[in-house]
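Please take a moment with the sequence and the structure shown below, and keep both in view while you read. The paragraphs after them go from one part to the next.

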Amino acid sequence: NSQPRTLLRGRTLDFNRKPLDENDTEAYNYQADGAILIANGKIEATGPYDQLSARAPDATVIDHRPHLLMPGFIDMHVHFPQVQVIASWGAQLLDWLNTYTFPEETRFAEEAHAAAMATHFCDLLTGHGTTTAVAFGSVHSGSVEALFTEAAKRNMCMISGKVMMDRNAPDGLRDTPQAGYDDSKALIEKWHGVGRAQYAITPRFAITSTPEQLDMAGALVAEHPDCFVQTHLSENHDEIAFTAELYPDAPDYLGVYERYGLLGQKTLLGHAIHLTPREIEVLADTRSKPIFCPTSNLFLGSGLFDDAGLSARGIQNGIATDVGAGTSYSMLQTLNDGYKILQLQNQKLHPLAAFDWITRGNADVLGLSDKIGSLTEGSDADIVVLNARSTHAMDLRMQRAETLSEELFILQILGDDRAVEQTYVAGEAAKTGRCSAGLEDV
Ligand code: GUN
Ligand code: ZN
């Protein structure tokens with residue numbers, strides 16, 4: 001093999017399944033002097049450094065000791081056109097959308113703006129150790145075009161879709177049932193399955209779509225069963241009440257999406273906080289996937305996601321930032337707030353389970369665990385290098401840490417982008433330091 005190979009050296013960690021507790025050592029793979037051999041953007045092998053360096057004496061060694069090498073993080077729900085909405089004060093969901101979010105999203109009609117923001121967005125993701133995102137675009141096709149184009153330049157796994165919204169939104173931020181269908185279809189044909197891009201059919205939520213539009217979204221799902229579907233569900237009480245007014249015949253909020261054929265195992269439902277027993281049953285029956293957005297749910301005062309309750313019903317869920325209602329691009333900070341939300345319900349998020357969740361777990365929710373979320377041979381070489389001593393506070397605390405679980409918990413509670421020493425996307429170093437787009441106002 002004449003292709004140049006790379007050998008990353010460090011402490012390697014990935015997961016086989018969700019760890020039950022600290023002693024569940026079969027759930028994960030940890031090598032104290034480990035290495036990852038990379039060729040052609042893929043992982044050729046993961047194992048002890050000695051073995052791999054003997055096997056690949058020609059490989060360029062990058063020594064990341066004493067840091068941890070883990071699969072790159074996966075953000076299951078994030079809004080690309082909200083990079084300049086994050087940290088907007090004082091509102092709960094519907095006011096927040098109307099006051100801050102919708103006006104900002106109208107700016108993505110302009111292609112130069114969308115392109116500049118796509119560069120910032122991808123830099124921010126990789127800067128925080130995230131190598132795959134499931135991202136909402138704006139209503140404008142051009143926004144998704146810009147994001148897929150930027151991700152393709154970086155060989156980055158990106159799942160995205162143009163938001164479909166045809167009512168209860170300002171001028172410049174609405175499509176029509178037909179235009180929403182046509183634009184989505186054109187994007188699917190151009191991007192779905194091209195390189196590492198995948199399409200998510202994206203009706204924003206029931207409030208911003210007419211029944212006619214949800215019907216068209218259902219037609220897209222039927223015509224493209226291999227695409228994802230993403231939307232929002234039961235985030236906020238006023239949202240639920242308004243949805244009931246707009247869809248008086250539906251049994252409940254989820255019943256709206258059910259009625260239009262939008263549910264299934266590739267359907268990702270942001271928030272899913274305030275659910276009825278019937279909705280929980282439908283989630284389980286259709287194998288639809290709730291997505292927990294901890295920093296967002298606290299920031300907007302939305303409520304507490306019931307991870308244990310849903311899991312007990314066999315409902316598999318993902319975890320995500322939901323920037324711009326979310327307050328950090330960091331999946332570590334997402335786990336920090338996730339831990340606290342579960343604490344308020346007397347549920348525990350063990351650090352081993354937490355790091356499984358943001359890697360293998362989220363990949364499994366996407367049905368992509370053969371490609372991302374682990375360090376297994378044949379996976380794409382999306383890797384994050386983590387330093388649990390990256391700040392004064394972390395370093396001091398680490399002096400008293402004795403186990404891997406303690407180290408992971410310090411990362412989970414105190415970590416952010418400073419803990420990310422490097423991020424590899426398809427085998428290429430992707431953490432550039434400052435935003436490569438520059439920081440002049442756009
Ligand atoms: N519901 C509909 N749109 C949005 C959005 O952009 N952010 C959040 N958090 N909830 C939504
Ligand atoms: Zn959202």
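What follows is a walk through a few helices, the surroundings of a ligand and some unusual points of the backbone.

Bear in mind from the start that this is a predicted model. A good place to begin is helix α3, which runs over residues 111-127 and so has 17 residues. From its first C-alpha to its last, α3 reaches 24 Å, and this is close to the 24 Å expected at 1.5 Å a residue. A number of its residues are buried, among them Ala114, Met117, Ala118, Phe121, Cys122 and Leu125. To see how such positions can fall on one side, recall that an α-helix has 3.6 residues a turn, so residues three or four places apart point the same way. The cover over the buried residues of α3 includes the strands β5 (73-79), β6 (130-136) and β15 (420-425), together with helix α4 (141-153). After α3 comes Gly129, a residue whose phi is positive, near 85°.

Turn next to ligand 1, and ask which residues are around it. They are His79, Leu93, Leu97, Thr101, Arg204, Phe205, His232, Glu235, Ser296, Asp322 and Ala325. Helix α2, made of residues 93-106, gives the most to this shell, with three residues. Sorted by class, the shell around ligand 1 has four nonpolar, four polar and three charged residues.

Two other helices show how elements can cross. The axes of α12 (residues 331-343) and α15 (residues 404-414) come within 6 Å of each other and cross at roughly 90°, and α12 and α15 are therefore roughly perpendicular to each other. Where they meet, α12 offers Leu332, Leu335, Asn336 and Tyr339, while α15 offers Leu411, Gln412 and Ile413. By class, this contact of α12 with α15 has five nonpolar and two polar residues, and no charged residues.

A single residue can also be followed through the structure. Tyr181 lies in helix α5, which covers residues 177-191. Is Tyr181 buried or exposed? Because 20 other C-beta atoms lie within 10 Å, Tyr181 is buried. Leaving out residues up to four places away in sequence, Tyr181 touches Met216, Ala219 and Leu220. Val385, by contrast, is 204 residues from Tyr181 in sequence and 41 Å from it in space, taken from C-alpha to C-alpha.

The last stop is the backbone itself. Most residues other than glycine have a negative phi, and most peptide bonds are trans. Against that background, Arg65 and Pro66 are joined by a cis peptide bond with omega at about 0°, and Pro66 is found in strand β4 (residues 60-71). Another cis peptide bond joins Val323 and Gly324, with omega at about 5°, and Gly324 is found in the loop between β13 (318-319) and α12.

Positive phi angles appear at His271 and Asn346, although neither is a glycine. His271, with a phi of about 85°, lies in strand β11 (residues 267-271); because it has 29 C-beta neighbours inside 10 Å, His271 counts as buried. Asn346, with a phi of about 55°, is found in the loop between α12 and α13 (351-366); because it has 7 C-beta neighbours inside 10 Å, Asn346 counts as exposed.

Note on methods
Residues numbered from 1 in each chain as written. Chains lettered and ligands numbered in written order. Predicted model: local features only at pLDDT ≥ 70, side-chain atom pairs only at ≥ 80, totals over all residues. Helix = DSSP H or I, 4+ residues; strand = E, 2+ residues; numbered from the N terminus. Expected span 1.5 Å × (residues − 1). Buried ≥ 20, exposed ≤ 12 C-beta atoms within 10 Å, placed from the backbone. Contact = placed C-beta atoms within 7 Å. Near = placed C-beta within 6 Å. Nonpolar A, V, L, I, M, F, W, Y, C, P; charged D, E, K, R; others polar. Axes fitted to C-alpha atoms, helices over the stretch in contact; angles between N-to-C directions. Parallel < 35°, antiparallel > 145°, perpendicular 65-115°, else oblique.
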